[in-house]
Every structure is written in structure tokens, then in C-alpha cells.
There are 2 protein chains.
Amino acid sequence: MSGWLAIAGLGPGDDALLTEEVRTALAQATDILGYAPYVARIAPRPGLQLHASDNREELSRARHALSLAVAGRRAVIVSSGDPGVFAMAASVFEVLEEAPEWQFLDVRVLPGITAMLAAAAKAGAPLGHDFCAINLSDNLKPWALIEKRLRLAAQADFVMALYNPRSAARPDGFGRALAILREECEPERLLIFARAVTTPQEQIQTVTLAAAEAEMADMRTIVLIGSRSTREVGRFVYTPRGAS
Amino acid sequence: MSGWLAIAGLGPGDDALLTEEVRTALAQATDILGYAPYVARIAPRPGLQLHASDNREELSRARHALSLAVAGRRAVIVSSGDPGVFAMAASVFEVLEEAPEWQFLDVRVLPGITAMLAAAAKAGAPLGHDFCAINLSDNLKPWALIEKRLRLAAQADFVMALYNPRSAARPDGFGRALAILREECEPERLLIFARAVTTPQEQIQTVTLAAAEAEMADMRTIVLIGSRSTREVGRFVYTPRGAS
């Protein structure tokens, strides 16, 4: 029996956002690996091994999953959202680069609904025009690069999705990001704080840049920053398709 | 009976990429509206009205769908990919802005797998770091704005996803985009041409910027442009999580 590895996106929280492709892979798996809160979303069943690990163990998790595939197991690494967006897929390819003997394994990435798409859908259509996604964590890149990208994205008038805006270990970055945005954008600019989107704890809050506070974001929040054209209509926020 | 409108994403082509949420809405619908090739993906059944229209009729389609919801029907507008990414959701909110009496209707956006996520998953993990999405169609925005965004995105070292790069009506824009990228990026920069992704006609081609030609893209192609760090490992392309 030949093994394989799938890196699968579970979407932002609600299991109704899983794709059929991911459901099928999970049903065929012998081993599920991932950060503990994501593995906890998988129903146990006889013969299925669950391997939960911590959130700083991406590379060792990827090595473990690849070694399971080599041994003929059907391994699925589960990620929240989409595995290719600030998640596990890149870690697997980093390990493949170190271990060329594994490059011919059956490795597939199965896309999922990433947080910005789910947050945008709940708010209306804020990503209706050109946009960018920036990971605000400076664990793996210098803060100066984040700051440069925020400024250039504002000058390009992109809608922005900020992933990992703020955590206990990084309490200050998002406040610094807001300060940069206040230099680059007008005070009426609309921001959406989408917390725990599609879960029972979901909160969606729309505020102006002038009224935004760093404490509105935490580890479970994604922040969408409108372009100059983003506006409210009734209870919705959207960005028109046209721009001048 | 109270009507509603859902604007639903069908994903890029393969029905295995539909979410359960979208399947449920389609099963409950009395009316399906959309661009003809997307409506053609819905299986007919007794009592289900299919309303196919042309691809320049977004606003009249949105008005039609909202008027069906007012009349107590359960309408679903289907979009390829995600409805909030260069698709129908923004058109619905544009119509709601003109017609405040419709703003209290039950209107929901149901996210889908947008083309860049599916294309990235097939290639590896090219969106593994900060990225942007730019619609290359200048039907609704000036070309100068597209050019400005391309330059700033290159300077920010974003991975880029270019939607609607080239069509029979707009044969020249993508060639101009390549010329701009050649001014801003090194010749070894990796590009992925992902055509008809997840369909039987799928083609995924990775080339350097030096070797890229405008004719490699058509209406069904999405083009991913790597950052400075994007690289190949075996048959995959990925962008490492870290940057300097």
C-alpha cells in the first residue's frame, strides 16, 4: 500500500465550510496531524491516529507527517482556513527542500476557506476590489518589512486583510500598524474586526480608523481595512467593483 | 414564506471544492441566477428555475435576484470561485445602495474557494507569505491604477495573483503588465500560469519572468507571480514563511 500526505484546510471554524475534497481525505486518513485545537475538530474513530502538537512545531510536524507517508500511512495535516495561507503547506515544502528523497512522495495541498474570505462574506463584500493579505506576526520576518508593506499597500489603495494581528506574545505590533495606517489613510477609513468568524463566539465589528483601538484585536481576530472606496450600505460593508 | 438571497461561490470548477454550506443553499433554492457557464453547473430539478444571463449583466442580475427574494422566493446567485473576489457580491451591494427598501432583506454571502487558492494548492504553496490579488481587467478602472498597483506590489515584494489577465476583448493588458514586472523584478522571478484549474482542461505551467509570454494567459488563466523568495522544490513551487 502506498502512503500519501495531504495538507488540508478546515476553513475558519464552521464544519459547513469544509469542502467535499477535504472530507474525503479525512475519511481515508490513517493519521491526522496538526496544532491541537485543529486536531480537536476531527471526530475520533477506530484505527485513526490523532497527533496533536504545539503551534511552534511546524517543521517537526511536517517531518513526522512525511515519515508516516514513507511508511505507507495516509497522513493528513490539518490547518485552519487554507493550508497555503500563513499555514502548514509552506512548512512541508521547507522540509522537502532539506530532504530530496521525499520529493517524489504523493503530497497534495487541499484548499480551504481562508479567514479573510469568511470574514468578508459575513461583512458583505469588502474584498470586492484589489486586495492584499499581510501576516502581522514578526516571528519570521523583521518588523521593518511589515511596516514597508503596510505603507505600500495603503499607497496602492489595496483593501488589506491583516492575519495574526495581535497575541499575548506580540501585544504591540497591531498598535504600531494602526499608527502607520493613520499616517497613510484618512480617519474615515473603514475597518472590520472579525473575531472567531463562523464559530459560536463570532463577533463582527465595523469602525472607522479614527475609532479603532489596538485592544479590538486578539489572536482569533482578522482585521480587514477598506480601500478609499469601501463603504457601508445598511448593515453591510462593501468595496465597489469600479475605481478611479 | 419569507424569501432570501444567497450569493454563493461554486469554487474554481471541480464540484468536490464546494462547501457543504453552498450545497445546502443550492438544495433549498427555488431560483438560481448567474452567468450562463456557472448556472450550467447546477443540476436541474422540478420546481427549480434556472436564470442564465450574460457576463456584462451583473447589475440587472442582482436586481432580478433581489426582486425574487422580495416576492418570497429563495434565490441563489452563483459565482465561480468566491463571490466576494471579483465576482457578484459587490454588484448586489451596489444595487442595495440604490434601493434602500431592499436593505432589510435576508441577504447572505456564502464563501467559496477562489481561483488563487486552488491554483496555489496545485502548484505547492506559492502564497505561503504576504500576497495580493489584482484584477487585470480595465473595464471598471483605469489602466494607470493597475500599473501603479503592480509597481507598488512588486516594491512591497508581495506574491501576486493576477485575475482576468487576458481576454479577446483585452488582448494587450497582460503584455503591458509583464513589461512592468520586467522593470521591477529580476528575470529569474517565478511565474505560475494556472489554466482551468481543477477542471479536466487544467494546465499548470511554471516559468521564469524572462521566459514568460503574454500568450501563455487567456480568460481561464490565473497568473501567480512569486516574491523574491519564491522557489522550486522538486515539482512544487513555494514561498518560505520567513523573509528578511
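Here are some questions and answers about a predicted model with chains A and B.

Q: What makes A:Asp130 and B:Arg149 a salt bridge?
A: The cut-off is a Lys or Arg side-chain nitrogen within 4 Å of an Asp or Glu carboxyl oxygen. The side chains of A:Asp130 and B:Arg149 meet at 2.8 Å, N to O, so the pair passes the 4 Å test. Between chain B and chain A the count is 14 salt bridges.

Q: Which part of chain B gives the most to the side that touches chain A?
A: That's helix α4 (residues 88-98) of chain B, with seven residues. By class, this side of chain B has 38 nonpolar, 15 polar and 16 charged residues.

Q: How many residues does each chain bring to the contact, and how much area is buried?
A: Chain B puts in 69 residues and chain A puts in 69 residues. The area buried between them is about 5,900 Å², and carbon and sulfur atoms give 60% of that. In chain B, the residues that lose the most area to chain A are B:Phe93, B:Arg149 and B:Arg241, together 13% of what that side buries. As for polar contacts, the count between the two chains is 38 residue pairs, both residues at pLDDT 80 or more.

Q: How do you know that the two copies are related as by a two-fold rotation axis?
A: Two copies of a chain are related by a rotation about an axis and a shift along it. Here a rotation of 180° with 0.0 Å of shift along its axis superposes chain B on chain A, with an RMSD of 0.0 Å. The copies are therefore related as by a two-fold rotation axis. In chain B, the C-alpha nearest that axis belongs to B:Cys132, 1.9 Å from it.

Q: What makes it right to say that the same surface serves both copies?
A: Look at the contact residues of chain B: 100% of them recur in chain A.

Q: Why are β7 of chain A and β7 of chain B called a pair?
A: Pairing needs at least two bridges between the strands. Strand β7 (residues 131-135) of chain A is joined to strand β7 (residues 131-135) of chain B by three bridges, so the two strands count as paired. They run antiparallel. Within β7(B), B:Phe131 is the bridge partner of A:Ala133.

Q: Why are β6 and β12 of chain B called edge strands?
A: The open sheet has three strands in the order β6-β13-β12 (chain B), with mixed pairing. Strands β6 (124-125) and β12 (231-233) each pair on one side only.

Q: What makes β6(B) and β13(B) paired strands?
A: Again, the bar is at least two bridges. β6(B) and strand β13 (residues 236-238) of chain B have two bridges, in the parallel sense, so they meet that bar. Opposite B:Gly124 stands B:Val237 in β13(B).

Q: What makes A:Glu98 and A:Arg63 a salt bridge, and how do you know that the pair links distant parts of the chain?
A: The closest N and O atoms are 3.6 Å apart, so the pair falls within the 4 Å cut-off. A:Glu98 lies in helix α4 (residues 88-98) of chain A, while A:Arg63 lies in helix α3 (residues 58-70) of chain A, 35 residues apart. Over all chains, the count comes to 38 salt bridges.

Q: Where is B:Ala115 found, and which residues is it in contact with beyond its neighbours within four places in sequence?
A: B:Ala115 sits in helix α5 (residues 115-123) of chain B. Leaving those neighbours aside, B:Ala115 is in contact with B:Tyr163, B:Val197 and B:Ile222. The C-alpha atoms of B:Ala115 and B:Pro12 are separated by 5.4 Å, with their places 103 residues apart along the chain.

Methods: Residues are numbered from 1 along each chain as its sequence is written. Chains are lettered from A and ligands numbered from 1 in the order in which they are written. This is a predicted model: local features need pLDDT of at least 70, side-chain atom pairs count only at pLDDT 80 or more; totals for chains, interfaces and linings use all residues. Side-chain values use heavy atoms; hydrogens and water are left out. Contact means heavy atoms within 4.5 Å. Buried area is the accessible area (1.4 Å probe) that two parts lose on being put together, summed over both. A polar contact is a pair of N or O atoms within 3.5 Å; within protein, one must be able to donate a hydrogen and the other to accept it, and residues adjacent in sequence count only if both atoms are side-chain atoms. Helices (H or I, at least four residues) and strands (E, at least two) are DSSP runs, numbered from the N terminus. Ala, Val, Leu, Ile, Met, Phe, Trp, Tyr, Cys and Pro count as nonpolar, Asp, Glu, Lys and Arg as charged, and the others, Gly among them, as polar. Copies are superposed by least squares on the C-alpha atoms of residues with pLDDT of at least 70 in both.
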